Each structure stands twice: as structure tokens, then as C-alpha cells.
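Reader: Before I use any labels for this entry, I would like to see the reasoning behind them. Please set each value against its cut-off.

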Amino acid sequence: MTTLRHWIACLSGTILLQHAYGAAGAPPGRITMPQARFATGDDPRRAQPDFDDSSWATIDTKRNYEKQGFEGYDGYSWYRIHVTIPSSLKASSDWPQRLRVYLSGIDDADETWLNGVPIGKTGRMPDAPGGFDGRWQAVRDYHADLSKVPLRWDRDNVIAIRVYDGVGGGGFHRDVPSISIPNRADGLRFGPERAQFDFRRDGKVAVSLNAANDFPTRQRGRMVMELFDQRSGKTLQRQAQAFTLAAGQSRTLNWVLPTGPGVEARLRYVDAQSGHSIASRLPLPYLLTPPDSAVPAIHGASVLGARPGTPLAHRIPATGKAPLRYSAAKLPAGLTLDAATGVIAGTVPAAGSYPIELRVENTAGAASQVWTLEAGDKLALTPPMGWNSWNAFGVNVSDAQVRASARILVESGLAAKGWSSVNIDDGWQAAARASDGELPGNERFPNMPALGRYLHGLGLRFGIYSSPGPATCGKYLGAYEHEAQDAATYASWGVDFLKYDLCSYSDMIAKTPTRAAHMLPYQKMGEALKAQPRSIVYSLCQYGEQQVWEWGADVGGQAWRMTGDILDTWDSVLETGFSAAPYTQHVAPGRWNDPDMLVVGHVGWGDPKPSRLTPDEQYSHISLWSMLAAPLLLGNDLTKLDAFTMNLLGNTEVLAINQDILGRAARRVQDGDDWQIWVKPLADGRKAIGVFNMGDKFRRMRIDPALYAKGQSGLPYQARDAWRQQALASTGGAIDVELPAHGVMLLTVR
Ligand code: GAL
């Protein structure tokens, strides 16, 4: 018996299923295709197998073509992969009519042919109806029906891939493409993205999993569910059931299971006839944040920076049993507070520091807090918090989606915890400027000023996106040579936040990529924003070029991206978040390192699906971003908020670490073998301590919180578990910390 385990991306292109081939029959085999012929330009004849590509370049399929002699090329190009497919492949399969063509990631859109027959496409070409839609994040996993494709067994076959790259690196970029003949069981999809979880009062989770049969053949076999506990290393339960599913159908499986850190359902379907099997892991979500108290509490930062004389709309984040009544003492003239909604609106007074005494009451009690309005030049005194359209909707975002998201922030209670910005990312711009040069919104954004008023009416902030180049990354119009005019337009719409993304401007500095050349366009927009009669937070997005953390504030920025784009994978969290460790000393109020937006909840750049991060990875993601004092911008489709995500995003003790007014980022004080400890000083003298398990096994560690909080072991301390919002029993000495795979323990210690 041979067993071959590998990771492949499943059909949906957004989730990884672990496939295990075992039992009877040989492994299906996989042919990798590390190289391809490549040429820029476009010609439909290139799809044909006999097209002469002998003069084309030969390049690797693992790295984008821009790193292989085609620097800076955006537009159409073609790959042609010649591959000999041995007939022995089909002999090993119980389903020889199918060929799986796995093309990993392609930047940005592709159309693919096998021997001249179309077998798949992802994204949309600029010349297709609807126009360009880049899908560089999606995994391409195409299945060809061999009854329709003339395959030449044991001879040369050609996979022809037409690519369009909008901007930045182009073409293949993820891992090596491959082909294989799948087994019948591979047609079954039952990955975690198809699961729904309901939390029950008894602490158990009701799992309903929709399994779909994508192949035109009946599935008949057994579904085995094993409940595995990482902590004990034991299987807690095993259930097996007969499982049949007609071609093209789906059905729902249900279990009620105990859950907790590191508990997962391991599923395995075994085909009755061949014994081939396919497996999937379902890490079970579990809730850590306790429910909100009925007694009022005021959350969010206790300080806000705004420029004198500029308009202000601010919602006091507060929880407690509705209805809440808000009041304020020492509210400066020019500002009013709506007692029912808690929205403070009006004009920021003359420069100075205004401590305002906020009070919130209901039938259960009252809370008060001094909230200081710092009228001056400094903005974003704590990290921006809110929602951005990109990770959910990509370039197809609309006014209706933005309004719905704003409403949900308020109605779900997220705004009551401080999630208060609503930022439109790329895709709002009209196709052309008006005759006076103004750039209006496109048909999906017919009335920007009205949208601004709507958001401000809810006490939320309004964010927008542009690029210093002629085009944005999504190929919309940028601000190039219209910087001052665009800044004035944004101000007239009521914009409070601008994300300014390098995109096509990188072509202009390609030849002299000096720090000065990178600063120039950001300086220009920084000045244009400062000239506006609004307080507009300025967020730089140029992927960390030229150590932006050293000069971002000098060009007027309050936040700057450190890396390329985040994806909803642990590797990506490592690359964007954990890699920020060497640069955390640059962080201060109004100077935030930005490891990119959050990838919890349903994300997917135009096709939102549950995040591929496990529940523990999501706890780590939110913990790390809080520790880094990073901007917290949700990237999820808020219409699909589930109980786990709400609970994850609603922990005010964790969010308070992020919003702490000292404004320092955590330092990584220990970088062990598969574990890390980060420490963040807080304004009241406490320290936040994050213990992260970087490994994929459950880990038990002994740490003395006093060592990290006070620099010396053995001293007495008081510690709280921030996620569980509980004091630790121990007030001195070492404690045991239990960390599921990629999980975290977050403490505050005094
Ligand atoms: C990328 C940027 C993303 C998103 C996108 C829009 O360059 O990093 O966050 O803004 O462009 O096209």
C-alpha cells in the first residue's frame, strides 16, 4: 500500500483540503511543470497547440515574469506549457475522464486552453464584457473533461494561458503548477469553507457541513468523523456513516460537538469501490470573549486628535443595555452631543487640549470617562479602527455595500467597541475626469457627498483610496497631476481618511528608486491634504519601499504599509505581521506601522468566503495587530458576520491594548524555537504580554509574567487574561501557558 499525502487547492480556489490517497490502488501521480514558454503581447492563435513558440523565452512558473527579464511589464501576455502526459496516469485512476490542471496563482486574470480547448478562466480581461477584474489572490485549479479535449497520451500537449496583468508583478506567482488525474473521491468538497457553526448554551457547537459532489459520477462510500483534541493528543469521538451523493448534488451533514482550544473534527471520505479517500480538517471555533455587561461601559481611545476649525463627527463607543443616554460636561462650544445616539458633531475648537467628561447611563447603572479632544496638528493619536471594502469586495464595491457595512457596524455593536471608520478602497472612480478636471465617483458611487453625510450622521468616519500614479492598482484613475484638486474634492465630500497606494507610480521611479523619489509623490499629496479645511488622516501604501517607517511621518502620513498585500493564510500573517518585529520602535502616536488589513470573517476580494485562518490563527492575528498598535481595519463582508467573528472582534480588553494612548508597539523580546513573546508597554504602567505558538503542535510553556512586566522573575504581579477577561489566580511566580497550534495567550500585567 502506498500513501501519498499532499496539499492541493480545491476547486473553489480559496481553501486548502488535505487529500490523502490510501487503501487500494496506486497514487494518482502528479506531473509538475516548473517551466513555460512566455511572450508578452496578445494573439488568439497562441491558444492553438501547433502555434510556433520556439522563439519565446523559457521562464520559471514559480516566480512572476517581472522577476525574469520582463521588469515593469503590465498588459497581455501568454504562457505556453508543453507537457508529456504518460498513459500510465489514467491506469491508476478510477476516474480517467478528468484531468486536473492546477495553475497555482496568476497575477491578475487568466484564460486557459488545453490543446486548443478552453478549460478555465479566473478574473476578467479588459476586453471582456464588464471590463478588467484582477483575481491574483485566487488559486486556479481547473478540471478538463477529457471526453471534450483531444489529449495526446505519451506525447506533447500544450496548456496555453492568456494572462492580463494590471499592475505590479505579473503572471505565475505562487507555487509550481501541476497536472494529475483525480480519483472519483476528489470530486467531493467538504472543506471548512462549507461549514456553519452554531454555538449552543451547553458550550457545544452545532456543525452543519455542506458536502458537494462536483463530478458527474455518483459518490458511494463512508464518511468518518474523528474529533481530535490537540491538547491531549487523543481522539475524543469517532463516528462513521454511509455516505452517498448523486452527481452534481450536495447534502448537509450535522454534528453537535464539544469545542475548545485546539479541538478539530477530522473528516475522511472513503470511496467504497476503489478505497481512495479524501480528507479535510475542520478546526472548531470556540468563544473566548465574555458577553457584554448590561451596565454601561465606555470603550475606545480616551483621546482624539483633530485640527482646529475642522468638522468633527464622532460616535462615543459604549456598551450596556439599551437604551443608553449620553451626556458630556465641558463640551467645547461648537460641538453638540446627541443624547440618544452618542454622536458628537460640530467644529473642532481653537488649538488646545479639551478634557471632556463623558457619561453614559441606563437603567442598570452609569459609566464615565474623561475623553480628551486634542485640537492641533496631530491626527490618529491612536491607530485607525474601522472597515475597508477591499478584502471583501475588491474593485466591485458599491455605495449600497458601503452603506450597508456602515449600518451593520452600528447595529451589530461593533461601532460601540470603536470600529468607526468606513473606508472605500479601489474601484469608486469614474472612467474619466470631468471637463474641469474633477474626478467623480463612477455609476456605483453616484453621490459621494451624500454618502459622506450618511456616514457622518452615524458618527462614523469616511475613508477613500487613490494612487499618486495615473492609474490605481485596479486600473482606475489615480491622482497624478491632479493632487491638489483631488484633495479638495475629497474634502468637499467629507472625507476623513485617504489611503494612497503607489501602484502605477512605481513605473515612474523604476529607474531611480531613491528615497527622495519615493517621498516626492507622498509629500505632494501630504501637503494637499493639509491645505484642506478637514482633518484627513493620511495612510501611505507603498509596501514598505525605502524604509517608509523612517520617513512616512515627514511627508505628513500617519500610517504606512510595511509589505505587499495580506492574504487569509498563516504564511501571510507571518510575512505581514510577525515580520514587523525589527521596526516596532518607529511606532508612536500618529506614526503607525501598517501590516495591512484584517483577514478574519468572510474575506475574498470580490468573492467573500470564510477566512482560511483557523480560529486560533485568528486569535493570534487580532492579538498581534493589537500588540503592534497597527491600524485595525476589518476586511470582511459584514453582511456575513458570524458569532465567532463578532466575539473575536468585540473584545474590549484586547482592543484597549491596540488603542492604548501611549501608542507604543510591542517589542518581540523572545524569539524561540516555534514560539515568540512580545511585550507592549501601556499608558498606565501595565504591560501587555503576547505569547505566540508559531508551531503546528499544542505547546505548554512556563513563563513568569513578572520577568516580562517588571524585568525580573519572582516579583509579585497581578495579571489578566485579556481574551477571557479574567484575573489569573496566580499573583507571583511562573504560570503554565497552554497554546494550541498557531495560538496565543494575551495577558496584561501590573
Ligand atoms: C493594492 C493594495 C491593496 C488594495 C489594492 C487595490 O496595491 O495593497 O490593499 O488597495 O491595491 O487595487
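Author: What follows takes the ligand site and then several salt bridges in a predicted model.

Reader: Which residues come nearest to the ligand?

Author: There are 13 residues around the ligand, and Asp-425, Asp-426, Lys-499, Asp-501 and Asp-565 come nearest. The shell around the ligand divides into six nonpolar, one polar and six charged residues.

Reader: What makes the pair formed by Asp-565 and the ligand a polar contact?

Author: A polar side-chain atom of Asp-565 lies 2.4 Å from a ligand oxygen atom. The cut-off for a pair of N or O atoms is 3.5 Å, so this pair counts as a polar contact. Two further values are set against that cut-off: 2.6 Å from a polar side-chain atom of Asp-425 to an oxygen atom of the ligand, and 2.8 Å from an N or O atom in the side chain of Lys-499 to a ligand oxygen atom. As for the cover over the ligand, the ligand taken alone exposes 310 Å², and the protein buries 95% of that.

Reader: Why is the pair of Asp-425 and Lys-499 called a salt bridge?

Author: The closest N and O atoms of Asp-425 and Lys-499 are 2.7 Å apart. The limit is 4 Å between a side-chain nitrogen of Lys or Arg and a carboxyl oxygen of Asp or Glu, so the pair qualifies. By this rule the count comes to 38 salt bridges.

Reader: Why does the pair of Asp-425 and Lys-499 tie together parts apart in sequence?

Author: Asp-425 lies in the loop between strand 32 (421–423) and helix 4 (448–457), whereas Lys-499 is in strand 34 (residues 497–501), so the parts tied together are 74 residues apart in sequence.

Reader: How do you know whether Asp-425 and Lys-499 are buried or exposed?

Author: Buried means under 20% relative accessible area. Asp-425 has 2% and Lys-499 has 9%, so both are buried.

Reader: Why do Glu-443 and Arg-444 get the labels they have?

Author: Their side chains meet in a salt bridge at 3.8 Å, N to O, and that value is within 4 Å. Glu-443 has a relative accessible area of 64%, over the 50% cut-off, so Glu-443 is exposed. Arg-444 has 22%, between the 20% and 50% limits, and is therefore partly exposed.

Reader: What makes Arg-612 and Asp-568 a salt bridge, and where are they?

Author: The N to O value is 2.9 Å, which is within 4 Å. Arg-612 lies in the loop between strand 39 (609–610) and helix 10 (615–627), and Asp-568 in the loop between strand 36 (559–561) and helix 9 (570–576), 44 residues apart. Both Arg-612 and Asp-568 are buried.

Methods: Residues are numbered from 1 along each chain as its sequence is written. This is a predicted model: local features need pLDDT of at least 70, side-chain atom pairs count only at pLDDT 80 or more; totals for chains, interfaces and linings use all residues. Side-chain values use heavy atoms; hydrogens and water are left out. A residue is near a molecule or strand if one of its heavy atoms lies within 4 Å of it. A polar contact is a pair of N or O atoms within 3.5 Å; within protein, one must be able to donate a hydrogen and the other to accept it, and residues adjacent in sequence count only if both atoms are side-chain atoms. Accessible areas come from the Shrake-Rupley method with a 1.4 Å probe; for residues, only the protein chains shown count as cover. Ala, Val, Leu, Ile, Met, Phe, Trp, Tyr, Cys and Pro count as nonpolar, Asp, Glu, Lys and Arg as charged, and the others, Gly among them, as polar. Helices (H or I, at least four residues) and strands (E, at least two) are DSSP runs, numbered from the N terminus. Buried means under 20% relative accessible area, exposed over 50%, partly exposed in between (1.4 Å probe, protein chains only).
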